[in-house]
Amino acid sequence: MTPRARQTLMLVAGAGLLAFFVWGAVGLPDFGHYRGPYGLVINHVAGSERQVTNAVASLVFDYRGYDTLGEELILFVSVVGVATLLRETRGEELPAGRDDATEVPDTSDALRVFGVVVVGVTLLIGLYIVAHGNLTPGGGFQGGVILGSAVLLVYLTGELVMVRWVEPGTLLEILHSAGAAGLVLLGLGGLIAGGAFFHNFLYTGTEGGINSGGIIELGNATVGLEVMGATILMASELLEQLLVVRRGSPA
Amino acid sequence: MSVYPYIVAGWIMVVGFFGIARSRNLVHLILCVSVVQSATYVLLLAIGFRDHATAPIFQGVAPTARAVDPVVQSLTLTDVVVEATVVALLLALAVDAVKRFGTLDPQDLRALKG
Amino acid sequence: MNVLLGIVLTLLAIAAPAVVMVDDPLRQSMVLGFYGLLLASAFFILQAPDVALSMIVVSSVLIPALVLLALGRIRHLESRDDE
């Protein structure tokens with residue numbers, strides 16, 4: 001089939017899909033008149049039952065923790081997939097004759113000073129967002145990506161010789177897997193404590209306090225660990241052979 | 001105004017599909033997939049919206065205040081981060097395709113066998 | 001607030017074809033970053049701060065970084081094949 005015929009067929013099919021979609025969307029409740037009872041109930045009881053003020057966090061880790069487990073395992077499996085696909089080429093991609101230091105430009109001092117300041121601030125902001133996920137908007141997913149990007153900033157603004165430790169060594173893989181296993185263990189903890197899977201078995205504290213929510217707080221921490229490990233692993237697998245080892249660099 | 005957000009979500013999805021169909025570069029195709037995914041986020045959040053309501057965060061606000069639906073927000077929130085990881089997996093597949101077939105054009109990938 | 005939401009949704013409907021019509025993947029990742037920022041402001045107006053936070057971080061940091069790294073690796077592979 002020629003590309004022109006394929007494009008015409010795509011236009012016709014796309015118009016048909018849009019027509020069916022509009023027909024279905026007209027039957028939805030009007031925009032702004034949400035009807036369902038589940039969301040309204042959660043808004044009313046999340047504060048009093050679990051002492052958290054962020055209703056979305058209580059849904060993600062407590063009431064609908066099973067869905068989060070599925071999503072986190074998707075994340076885990078795709079990172080394993082990236083590592084499997086790209087790792088087999090590591091042996092054959094050694095750049096021959098590419099280690100003359102004149103090829104790589106010096107990182108300027110202004111950039112390195114900027115990096116020192118920004119990496120510290122980003123790490124702090126990431127930790128804050130992970131820790132306060134059960135009170136204010138935030139949580140493990142957002143904070144984990146911020147923490148991972150703080151580590152990647154070290155690569156961007158630092159000397160290339162300092163980046164050797166970003167290679168996916170055993171420690172990084174242990175960190176990432178521990179985060180993924182942590183959420184499963186939290187769910188099993190609820191099962192062992194005599195309730196259902198993901199039953200909230202820890203003390204929930206006072207409303208609005210930093211230690212409220214029971215397993216919600218621990219869930220934020222493990223997911224933050226896992227997403228941070230995932231971000232660094234994915235980026236370093238793609239980075240692997242772009243690193244050029246400098247010969248005789250100043251210590 | 002009562003169905004406009006749903007129509008916009010449908011339009012974005014169809015535009016993304018059109019981009020996938022006429023793409024000549026695997027990385028361009030992957031970014032069009034992420035446009036299709038963003039259409040689903042708009043649709044989900046538009047379904048849960050309530051007029052003159054606030055965010056479902058009750059720090060300093062009584063729990064009986066009028067707030068939007070938190071269930072669709074919890075679905076969308078995890079989905080956004082997981083989408084980025086799936087994009088990384090697709091990019092790794094594209095790198096592998098270059099290594100094996102030497103081309104990034106999806107319309108040439110059928111012809112090269114072995 | 002309805003007017004603001006209408007404006008942002010119209011901008012989204014215009015920006016999505018713009019993302020799709022850019023052919024060079026390097027430029028497209030930058031346009032996608034801007035589109036993600038527009039999406040995050042739409043989510044903010046729809047009273048979803050959690051989702052807006054994760055959308056900003058993902059589309060401004062993670063996706064352009066991954067695309068740039070993958071493009072660098074592809075260019076390295078293609079230059080190696082040409083030798």
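This briefing covers the fold of chain C and the contact between chains B and A. The model is predicted. Chain C holds 3 helices and 0 strands, and its radius of gyration of 16 Å is well over the 12 Å that the globule rule gives for 83 residues, so chain C is more spread out than a compact globule. In the contact between chains B and A, 45 residues come from chain B and 48 residues from chain A.

**Chain C: elements and extent**
- Read from the N terminus, the elements of chain C follow the order α-α-α.
- The C-alpha trace of chain C spans about 60 × 25 × 10 Å along its principal axes.

**Chain C: burial and contacts**
- Chain C has 83 residues, of which 51% count as buried.
- Contacts between residues at least 24 apart in sequence make up 53% of those in chain C that join residues at least 6 apart.

**Contact between chains B and A**
- Chain B gives 45 residues to this contact, and chain A gives 48 residues.
- On the side of chain B that touches chain A, the elements giving two or more residues are α1 (4–21), α2 (26–47) and α3 (70–101) of chain B.
- With 18 residues, α3(B) gives the most to that side of chain B.
- By residue class, the side of chain B that touches chain A comprises 29 nonpolar, 9 polar and 7 charged residues.

Methods. Residues are numbered from 1 along each chain as its sequence is written. Chains are lettered from A and ligands numbered from 1 in the order in which they are written. This is a predicted model: local features need pLDDT of at least 70, side-chain atom pairs count only at pLDDT 80 or more; totals for chains, interfaces and linings use all residues. Helices (H or I, at least four residues) and strands (E, at least two) are DSSP runs, numbered from the N terminus. The radius of gyration is taken over C-alpha atoms; the globule rule is 2.2 Å times the number of residues to the power 0.38. A residue is buried if 20 or more other C-beta atoms lie within 10 Å of its own, exposed if 12 or fewer, and partly exposed in between; C-beta atoms are placed from the backbone. Two residues are in contact if their C-beta atoms, placed from the backbone, lie within 7 Å. Ala, Val, Leu, Ile, Met, Phe, Trp, Tyr, Cys and Pro count as nonpolar, Asp, Glu, Lys and Arg as charged, and the others, Gly among them, as polar.
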